[in-house]
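Biologist: I would like a close look at a single part of this protein, the sheet, and at what surrounds it. Please take it piece by piece.

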Amino acid sequence: MPRFRTVGTIPPSIAVTDGRPFPRCQVAFKPAMFVTHHNCRLELLQGDLTLQAVDAIANAANPQLAGGGGVDGAIHRAAGPGLIAETGRLYPDGCPTGSAVATSGCRLPARLVFHAVGPIWHGGNRGEPGLLAGAYRRCLELAVEHDCQSVAFPAISTGVYGYPKREAAQVALQTTLDFLREFHRPALVRFVLFDAGSLQIFGDVLSRLSPSTSPLR
Ligand code: ADP
């Protein structure tokens, strides 16, 4: 069983991003865990990705980069209309499944958004694990290319795209651990899981992949 510890909440009045109060920030942190891997830190949190004050957040986008529901919709709502305008201008042909493209964060606390296109789950025999790993890996490459110290991910493909959460966690975490072993960057990779069940599954998988997993402190 993963060892979780409640680390508390950030009251909206003191939650800041770039120096300004950030009133949408209500519950930023819940039970969490981390592992240190080749001088980098991999964290798991339950929360809202759009509130993360990191250098970059990854979006679970569709290949048209057209905006949608789920985390994609939440990111576009929080970023404002500039985000869809920027994706349309920079990437009129969209982004292939298994890859990712970068834009600014517009009104988000994050400086950049990496629009990652994960696969739709068709049962696991249509290359889904390789495509999901490709989406995460391209985001991590973009983080290095854009000199990001910190990047936060949602559980890509585990919503409307139907990827089973345990299998998705295995791919997401193994791809990240492999990347950190190879490149020793970015310094912080944070998985922001929206619900307690997803956090539990990611924690369980991380504990098995990396036995040195610790509660967050
Ligand atoms: P996909 O189409 O790739 O499956 P979804 O947005 O439907 O993308 O779901 C991906 C994951 O993102 C799901 O596990 C969903 O619960 C989660 N999610 C939805 N909103 C947020 C949010 N604001 N912050 C973090 N994760 C979120």
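Modeller: What follows goes through the sheet strand by strand, then turns to the helices and a loop. The model is predicted, with an average pLDDT of 88 and 85% of the residues scoring at least 70. Residues 1–28 are another matter: their pLDDT is below 50, although this stretch has 44 contacts in the model beyond near neighbours in sequence. Where pLDDT is low, the predicted coordinates should not be read in detail.

The sheet is open and has eight strands, in the order β4-β5-β3-β6-β7-β2-β1-β8, with mixed pairing. Its edges are β4 (100–104) and β8 (214–215), each of which pairs on one side only. Strands of a sheet pair through backbone hydrogen bonds, either parallel or antiparallel.

Begin at the β4 end. β4 pairs with β5 in the antiparallel sense over five bridges, and one pair there is Thr103 with its bridge partner Val113 in β5. Strand β5 covers residues 112–116, and four of its five residues are buried. With β3 (residues 56–60), β5 pairs in the parallel sense, again through five bridges; Ala56 stands opposite Leu112 of β5. The mixed character of the sheet is thus visible around β5, which has an antiparallel pairing with β4 and a parallel one with β3.

Further along the order, strand β2 (residues 40–46) and strand β7 (residues 188–193) are parallel and share six bridges. Arg41 has Leu188 in β7 as its bridge partner. Helix α5 (residues 196–209) packs on the sheet, where it touches β1 (33–37), β2 and β7. The direction of α5 makes about 150 degrees with that of β2.

Two other helices pack against each other. α3 (residues 128–145) and α4 (residues 165–183) have axes 9 Å apart and an angle of about 40 degrees, which makes α3 oblique to α4. Their crossing is right-handed. On the α3 side the meeting residues include Leu132, Tyr136 and Leu140, and on the α4 side they include Val171, Thr175 and Phe179.

Last comes the loop between α1 (70–79) and α2 (82–90), where Pro81 is placed. Is Pro81 buried or exposed? Pro81 counts as exposed because it has 12 C-beta neighbours inside 10 Å, and 12 or fewer is the cut-off for that class. Pro81 lies 26 residues from Arg107 in sequence, with 9.3 Å between their C-alpha atoms.

Notes:
Residues numbered from 1 in each chain as written. Predicted model: local features only at pLDDT ≥ 70, side-chain atom pairs only at ≥ 80, totals over all residues. Buried ≥ 20, exposed ≤ 12 C-beta atoms within 10 Å, placed from the backbone. Pairing = 2+ DSSP bridges. Contact = placed C-beta atoms within 7 Å. Axes fitted to C-alpha atoms, helices over the stretch in contact; angles between N-to-C directions. pLDDT = per-residue confidence, 0-100. Parallel < 35°, antiparallel > 145°, perpendicular 65-115°, else oblique. Left-handed = near helix turned anticlockwise from the far one by under 90°.
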